[in-house]
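Thank you all for coming. Today I would like to walk you through the empty spaces inside one protein, and through what we find in them, taking each space in turn.

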Amino acid sequence: MDIKQIITKKRDHQSLTKQEIEYFVTNYTNGTITDYQAAALTMAIYLNGMNEEETVYLTLAMANSGDILDLSELGTVVDKHSTGGIGDKVSLILVPIISSLGIPVAKMSGRGLGYTGGTIDKLETIPGYQTNLTTKEFMENVKKVGACLIGQTLNLAPADKKLYSLRDAICTTESIPLISSSIMSKKIAAGASKIVLEVTCGSGAFMKDRKQATTLAQMMQKIGKMTNKQTICVITNMEQPLGKAVGNSLEVLEATRFLKGTMQEDVKEVVLALGAYMIKLAGKGEDIEENKRKMLEQIKSGAAFSKYKQWIASQGGDISYLEDPAKWKKASYILPLIAKKTGYVTKLDAEKIGEIAMQLGAGRLKKEDTIKPEVGIVLEKKIGEKVEKGEILAYIHADEEMLAQKAKQDLEKVYEIGGKQQETKTVLEILM
Ligand code: URA
């Protein structure tokens with residue numbers, strides 16, 4: 001077998017066999033196949049697609065490219081993953097709530113990809129928090145604390161790790177076979193038996209419309225079924241960012257406030273929907289509305305916040321930052337964006353806001369870039385909200401004045417204000 005033949009086949013719209021896909025994954029992971037050959041094949045897949053069989057073979061080959069964790073001794077472990085978005089701090093909030101209900105959460109998350117943020121970058125803004133644990137430490141933390149969240153550092157789906165950053169660099173992220181195999185290979189390798197997936201849809205998501213999002217969700221559910229992992233997908237709206245904050249430490253602060261009881265409505269809708277199905281899959285509650293009530297009770301009683309502190313401390317994080325928001329380093333320039341007219345916010349393009357936040361330093365333009373933890377945007381007005389001329393629409397948090405001014409000009413163009421109030425819905429559909 002030869003990689004050039006495999007690339008040629010996919011370039012010419014032919015289907016690849018199981019053996020060809022396994023050959024590619026094994027030899028790309030061990031370095032025999034070069035990045036430029038993998039890039040050519042990935043672009044051919046992006047352009048010409050893969051059928052269901054090929055997608056399943058790619059997923060299994062990537063899952064088998066490293067270790068597969070056996071979490072059976074921990075009982076029913078439920079995992080959660082999102083296809084990515086702007087302002088998505090949901091994992092930070094869900095992990096402690098679910099764990100505080102006695103359901104173990106063992107999760108592997110990613111860094112920011114393109115204009116979308118990554119949970120690992122957010123968690124690393126908490127001084128001391130370690131995302132790089134050994135398998136033994138990971139398992140022990142889940143057993144002891146009931147929650148552990150690490151980066152893609154264990155030898156789990158290493159083929160996906162390589163391919164994921166390659167795809168980011170060559171603009172082949174937005175592909176249904178590539179996203180579904182990337183996510184499901186990690187979920188299979190990480191060992192949970194039940195999975196809740198958030199499939200985002202809209203300008204700030206990889207899937208721009210509902211039809212594509214549904215196809216992606218159905219593909220991941222099929223892979224889940226074939227690998228005996230019950231998978232529920234929640235399709236959510238990513239036309240505007242989720243919550244108020246976009247930017248790493250700003251999002252940790254928002255998540256922390258949520259766990260203390262100050263909940264932004266759209267974040268609450270997503271957290272409760274995903275969590276209620278995680279509880280159902282764990283066998284701890286059939287009634288979805290009752291599960292949501294239980295989650296809110298965990299916040300009200302302080303149990304979720306205590307679990308949050310216990311989890312962060314168990315991975316070396318300094319919990320005084322969770323207790324005292326004043327301890328966080330602030331950006332040097334915090335500029336308000338003022339409304340020039342009265343009306344209702346009608347559009348707030350999530351992708352454009354993600355790009356502005358990235359230009360401020362909240363995301364990476366190149367893989368090697370380091371992120372600036374404290375920069376980003378805080379949206380004070382979101383779609384459907386009434387705005388009076390002279391009111392503050394948003395704050396720009398920047399570490400250079402020029403960057404702050406440029407972001408302000410760009411954000412001003414993103415805020416569309418009109419005469420008619422629009423209704424927004426964040427959770428669009430549940431696929432069981
Ligand atoms: N999240 C992933 O893990 N992989 C993708 O390809 C996209 C989002």
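How many cavities of 30 Å³ or more are there? The count comes to two, and I should say at once that what you see is a predicted model, so please keep in mind, as I go along, that every value I quote was computed from that model.

Let me begin with the largest cavity, which has a volume of about 370 Å³. Its lining is made up of 28 residues, and those that lie nearest its centre are His81, Ser82, Thr83, Gly84 and Tyr164. If you look for the elements that give two or more residues to this lining, you will find strand S1, at 78-82, together with helix H5 at 90-100, helix H6 at 119-123, helix H8 at 158-169 and helix H9 at 176-190. Of these, H9 gives the most, with four residues. When the lining of the largest cavity is divided by class, it has six nonpolar, 15 polar and seven charged residues.

Now, where does the ligand sit? The ligand sits in the largest cavity, and the residues around it are His81, Thr83, Tyr164, Arg167, Ile179, Ser182, Ile183, Lys186 and Phe206. You will recognise three of those names, since His81, Thr83 and Tyr164 were also among the residues nearest the centre of the cavity. Helices H8 and H9 each supply at least two residues of this shell, and H9 again has the largest share, with four residues. By class, the shell around the ligand has four nonpolar, three polar and two charged residues.

Three side chains in that shell deserve a slower look. In the side chain of Arg167, an N or O atom is 2.8 Å from an oxygen atom of the ligand, and in the side chain of Lys186, an N or O atom is 2.6 Å from an oxygen atom of the ligand. With Ser182, by contrast, the ligand atom is a nitrogen, and it is 2.7 Å from an N or O atom in the side chain. On its own the ligand has 240 Å² of accessible area, and the protein covers 96% of it.

Let me turn to the second largest cavity, which has a volume of about 30 Å³. Which residues line the second largest cavity? They are Leu16, Glu20, Ile21, Phe24, Leu41, Ile45, Met50 and Leu58. Helix H2, at 18-29, and helix H3, at 35-48, each supply at least two of them, and H2 gives the most, with three residues. By class, this lining divides into seven nonpolar residues, no polar ones and one charged residue.

Finally, I would like to mention a pocket. About 350 Å³ of space lies in the second largest pocket, which is lined by 20 residues, with Leu250, Leu253, Arg257, Pro325 and Lys330 lying nearest its centre. Helix H11, residues 248-259, gives the most to this lining, with six residues, and by class the lining of this pocket has ten nonpolar, three polar and seven charged residues.

If you take one picture away with you, let it be the ligand in the largest cavity, with H9 giving four residues to the shell around it.

Definitions and conventions
Residues are numbered from 1 along each chain as its sequence is written. This is a predicted model: local features need pLDDT of at least 70, side-chain atom pairs count only at pLDDT 80 or more; totals for chains, interfaces and linings use all residues. Side-chain values use heavy atoms; hydrogens and water are left out. On a 1 Å grid over the protein atoms alone, a cavity is a set of points where a 1.4 Å probe fits but cannot get out, and a pocket is an open set with protein on both sides within 12 Å along at least five of seven lines; lining residues have an atom within 4 Å of a point. Grid points are joined across faces, edges and corners, and a volume is the space filled by probe spheres set on the points. Ala, Val, Leu, Ile, Met, Phe, Trp, Tyr, Cys and Pro count as nonpolar, Asp, Glu, Lys and Arg as charged, and the others, Gly among them, as polar. A residue is near a molecule or strand if one of its heavy atoms lies within 4 Å of it. A polar contact is a pair of N or O atoms within 3.5 Å; within protein, one must be able to donate a hydrogen and the other to accept it, and residues adjacent in sequence count only if both atoms are side-chain atoms. Accessible areas come from the Shrake-Rupley method with a 1.4 Å probe; for residues, only the protein chains shown count as cover. A molecule sits in a cavity or pocket if more than half of its atoms lie within 2 Å of its grid points.
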